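Colleague: I'd like a close look at one spot in this chain, with enough of its surroundings to see how it fits in. Could you take me through it in plain terms?

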Amino acid sequence: MRPPPDDRTTSGTAIGSARSALTELTASVGTSGLTEAGTRPGLLALVDQHAAAIRDSLDGDRRPLTAAALAGYAEGVRAAALEQDGFLPLGPVDWSEPDWLVLRLLGVCALADQLPRGRTPRG
């Protein structure tokens, strides 16, 4: 298995693409989801669990997480959802009962929000 992309060894174009993908993800589910999680302890706990699982999956305890690694992970989750279900959920999210896919992507957003300045989706 190849290690996840590292922003230090990834081209500027790839890093820009990763940041753009994370910005788009943040706009679609991250902003509203993380705001809701701030007011719903149960949702926050679910997001934290998903973020921890993502961090473990990307070996985040042994190497720093990067925008490239998180964007790649999110793309893999989306691709798997399309392969399994044939579609991605569209439209507003019911934060009282979010599905696994939305929670996983929200976990990516939570981790992206914690990246050091200069590596965040917002740049």
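Does G107 count as buried or exposed, and at what relative accessibility?

Modeller: G107 counts as buried, because its relative accessibility is 0%. Buried here means under 20% relative accessible area, exposed means over 50%, and partly exposed is in between, with a 1.4 Å probe and protein chains only.

Before going further, a word on the model. It's a predicted one, where local features need pLDDT of at least 70 and side-chain atom pairs count only at pLDDT 80 or more, while totals for chains, interfaces and linings use all residues. Residues are numbered from 1 along each chain as its sequence is written, and side-chain values use heavy atoms, with hydrogens and water left out. The average pLDDT (the predictor's confidence in each residue, from 0 to 100) is 85 for the chain, and 83% of the residues score at least 70. Over residues 1-9 the pLDDT drops below 50, though that stretch still has 14 contacts in the model beyond near neighbours in sequence. Residues 119-123 are also below 50, with 18 such contacts. A contact is heavy atoms within 4.5 Å.

Now the layout. The chain has four helices and zero strands (DSSP runs numbered from the N terminus: H or I of at least four residues for helices, E of at least two for strands). Of the 123 residues, 39% are buried. Among contacts between residues at least 6 apart in sequence, 75% join residues at least 24 apart.

G107 sits in helix 4. Leaving out residues up to four places away in sequence, G107 touches V47, A51 and I54. Those three are on the buried list of helix 2, together with L43 and H50. The buried residues of helix 2 fall within an arc of 100° seen down its axis, so they line one face of the helix; the arc is taken from the directions from the helix axis to the C-beta atoms. Turned away from that buried side are the exposed residues P41, Q49 and D56. Helix 2 (residues 41-57) also has the highest mean pLDDT among the elements of the chain, at 97. Its 17 residues should span 24 Å at 1.5 Å a residue, and the end C-alpha atoms are 24 Å apart, so the two agree; the expected span is 1.5 Å times one less than the number of residues. Just after helix 2, D59 takes a positive phi of about 60°.

Next door to G107 in sequence, V108 is in contact with L22, L25, I54, L70, Y73 and A74, leaving aside neighbours within four places. I54, then, is touched by G107 and is also in contact with V108. A74 is 33 residues from G107 in sequence, and the two C-alpha atoms are 9.5 Å apart. L70, Y73 and A74 are among the buried residues of helix 3.

That brings in the largest nonpolar core (buried Ala, Val, Leu, Ile, Met, Phe, Trp, Tyr and Cys residues joined through side-chain atoms within 4.5 Å). It has 32 residues, and L70 and V108 touch the most other members. Helix 1, helix 2, helix 3 and helix 4 each supply at least two residues of this core, and helix 4 gives the most, with 10.
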